[in-house]
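Please walk through this structure with me, starting from a single pair of strands and widening the view step by step.

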Amino acid sequence: MERMKLKAELRDERGTRGAKRLRRKGVVPAVLYGEGPESMAIGVDTKDLSKVLRGKGGEHAIIDLQVEKTSEGKPLKKTVIVKEVQRDHIKDIVLHVDFAAISLTEKLATKVAVVDSGEAVGVTQGGILEHILRELNIECLPADIPERILVDVSGLMIGKSIKVGDIVSPPDVKILNDANLIVFTVSVPKVEVEKVEEVPAEEAAAAGAPAEGEEKKPEEEKEGAKGKEKEGAKGKEKEQQKEKGKEK
Amino acid sequence: MVLQPKKTKYRKQQRGRMKGNETRGLSVSFGEYGLQALASAWITTSQIEAARVAIMRHLNRRGKVWIRIFPDKPITKKPAETRMGKGKGAPETWVAVVRRGRILFEIEGVTEAMAQETLSRAASKLNIKTRFVSRSRMI
């Protein structure tokens, strides 16, 4: 993996208010620790940090960090990895970064992105490619850390999956995840049956005419006729009662 | 598919307040693209359902969808033309309490343009401002 360069300055300002002042100046508060006697509070330029994090390795890149002036007055160079990034998910800014100094001769455990290549056969047949495990835990020398691990999914059929054990890791890289974990799978899309809203009986009766394609059965027609006759009889009775009332 | 709890310990709840930003469910965790709330509000079960239907209709069996919120708060309402008093009203609906920053829906298995269009249709069914976010977004 290509190594990125990043400049940092020793940070005097501490605490919430100090950190906010730094962020307003375009500096991201950070801390450097590991492979040394003490941790060091530093600050890095927001734009430079953005370039590093957007670079090829992303958050798993190896960085040559250069602190311009330490407390002893000497410049300091360290090979570091990003251990943690704190983000404000609403403002979309980086709040704080943890840099961990590493030794280039010792193996380290880190994470690397898994990316699919090719179009799965199952997808062309109407399936959905599900990317379940997006990062793999690996162990290797810092110089051997791959930018990403490409997995060929072109032969994946519907209902089939690629597990961690199926992935061919680059040379000198050991995958630490359980071999049975599923990384990619092609699933069948769920078919949703939409319910047709039931029209209440009264509304249906008010609508009157039958829907297209429907024919009234003879029995229903007969019943309907009987109902009409009954209604007619009732109406006549009412009229007669009204007339009687007027006469009175 | 009405979203509501299967069983609750108490039938009615106090209204509560929605101060500050969300602290959980802030990042796209399952899919590739998501819809993030930019305001705090109660989102009702019918609004969630309307948004889900809008997504499903536009996706047309492509892609996979995750709903990241669940309406677990009962809302009561007094009947119309009722005098004040005589106790709290009857449970009317269920809402999800959403604060600023919460990821509401996630999508996977479609192109970014398609996801954007789909989630904008879902956003139009909701009562808050939202924005489209992707997993790969950085500073």
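In this predicted model, I138(A) has I175(A) in β12(A) as its bridge partner, and two bridges in all join β9(A) to β12(A), with the two strands running antiparallel. On a broader view, these strands belong to an open sheet of four strands in chain A, whose order is β10-β7-β9-β12 and whose pairing is mixed. The edges of this sheet are formed by β10 (148-152) and β12 (174-175) of chain A, each of which pairs on one side only. Strands of a sheet pair through backbone hydrogen bonds, and they may do so in a parallel or an antiparallel manner.

Strand β9(A), which spans residues 135-140, is also joined to β7(A), here by six bridges, and these two strands run antiparallel. Two of the bridge partners can be followed by name: A113(A) is matched with E135(A) in β9(A), while A109(A) is matched with E139(A). The side chains along β9(A) alternate, so that L136(A), I138(A) and C140(A) point to one face and are buried, whereas E135(A), N137(A) and E139(A) point to the other face and are not buried.

Within β7(A), which covers residues 108-117, the reader may look at T110(A). Is this residue, T110(A), buried or exposed? T110(A) counts as buried because its relative accessible area is 13%, which is under the 20% limit used for that term. Leaving out residues up to four places away in sequence, T110(A) touches H60(A), L136(A), N137(A), I138(A) and I145(A).

From the sheet we can turn to the nonpolar cores. The largest of them has 26 residues, and those with the most contacts inside it are L136(A), I138(A), V151(A), I167(A) and F184(A). The elements that contribute two or more residues to this core are β7, β9, β10 and β13 (182-187) of chain A, and the core draws at least three residues from each of domain 1 (3-102) and domain 2 (109-187) of chain A. In soluble globular proteins, nonpolar side chains tend to be buried together. F184(A), when its neighbours within four places in sequence are set aside, is in contact with a list of residues that includes V114(A), V115(A), L129(A), V151(A), V153(A), L156(A) and I162(A), and among them are also D116(A), E130(A) and K160(A). A second core, separate from this one, has 24 residues, including Y33(B), L35(B), I48(B) and A122(B).

The two domains of chain A deserve a closer look. Their centres, taken over C-alpha atoms, are separated by 31 Å, and four residues of domain 1 of chain A are in contact with nine residues of domain 2 of chain A. Chain A as a whole comes to five helices and 13 strands, and of its 248 residues 33% are buried. Among the contacts in chain A with a separation of 6 or more, 65% are between residues 24 or more positions apart.

One of the helices of chain A is α2, which covers residues 46-54 and whose buried residues are L49(A), S50(A), V52(A) and L53(A). Why do these residues lie on the same side of α2(A)? They cover an arc of only 165 degrees around the axis, and this is what puts them on the same side of the helix. An α-helix has 3.6 residues a turn, so residues three or four places apart point the same way. On the other side of α2(A), K47(A), K51(A) and R54(A) are exposed, while the buried residues pack against β1 (4-10), β2 (27-33), β3 (40-45), β4 (62-67), β5 (76-88) and β6 (93-101) of chain A. The N-terminal end of α2(A) is capped by D45(A), which has a side-chain oxygen 3.3 Å from the backbone nitrogen of K47(A).

Chain B offers a last stop at K77(B), which is found in strand β4 of that chain, residues 73-77. K77(B) counts as exposed because its relative accessibility is 52%, and, not counting residues up to four places away in sequence, K77(B) touches G89(B), A90(B) and E92(B). The C-alpha atoms of K77(B) and R121(B), which are 44 residues apart along the chain, are separated by 29 Å.

Methods
Residues are numbered from 1 along each chain as its sequence is written. Chains are lettered from A and ligands numbered from 1 in the order in which they are written. This is a predicted model: local features need pLDDT of at least 70, side-chain atom pairs count only at pLDDT 80 or more; totals for chains, interfaces and linings use all residues. Side-chain values use heavy atoms; hydrogens and water are left out. Buried means under 20% relative accessible area, exposed over 50%, partly exposed in between (1.4 Å probe, protein chains only). Contact means heavy atoms within 4.5 Å. The arc is that of the directions from the helix axis to the C-beta atoms. A polar contact is a pair of N or O atoms within 3.5 Å; within protein, one must be able to donate a hydrogen and the other to accept it, and residues adjacent in sequence count only if both atoms are side-chain atoms. Two strands pair if DSSP finds at least two bridges between them. A nonpolar core is a set of buried Ala, Val, Leu, Ile, Met, Phe, Trp, Tyr and Cys residues joined through side-chain atoms within 4.5 Å. Domain bounds come from an automatic or database domain assignment.
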